[in-house]
Amino acid sequence: MGTVITLAILLAAVCLAVRSMVRDRRNGRSLQCGGDCSKCKGCH
């Protein structure tokens with residue numbers, strides 16, 4: 001029974017993380033390069 005509860009909590013955490021990443025991607029925020037060099041912190 002404890003394994004099922006742990007698996008459910010882990011699955012919920014993964015789903016929330018993926019949902020957050022998808023939402024950020026749709027809003028133009030990403031961990032990867034967005035192609036806008038004027039906003040790049042590494043170009044100064």
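Biologist: Where does Thr6 lie?

Modeller: Thr6 sits in helix H1, helices being DSSP runs of H or I with at least four residues, strands E runs of at least two, numbered from the N terminus. Mind you, this is a predicted model, where local features need pLDDT of at least 70, side-chain atom pairs 80 or more, and totals for chains, interfaces and linings use all residues. Residues are numbered from 1 along each chain as its sequence is written, and side-chain values use heavy atoms, leaving out hydrogens and water.

Biologist: Why does Thr6 count as exposed?

Modeller: Exposed means over 50% relative accessible area, buried under 20%, partly exposed in between (1.4 Å probe, protein chains only). Thr6 has 52% relative accessibility, so exposed it is.

Biologist: And why does Val14 count as partly exposed?

Modeller: Val14 comes in at 44% relative accessibility, so it gets the partly exposed label. Val14 is also in H1, which covers residues 2–26.

Biologist: What does the side chain of Thr6 reach?

Modeller: The backbone oxygen of Gly2, at 2.8 Å.

Biologist: How do you know what span is expected of H1?

Modeller: The expected span is 1.5 Å times one less than the number of residues. H1 has 25 residues, which gives 36 Å expected, and its first-to-last C-alpha reach is 36 Å, close to that.

Biologist: What comes just after H1?

Modeller: Gly28, with a positive phi of about 90°.

Biologist: What does the secondary structure of the protein chain come to?

Modeller: 1 helix and 0 strands. Of its 44 residues, 0% count as buried.

Methods
A polar contact is a pair of N or O atoms within 3.5 Å; within protein, one must be able to donate a hydrogen and the other to accept it, and residues adjacent in sequence count only if both atoms are side-chain atoms.
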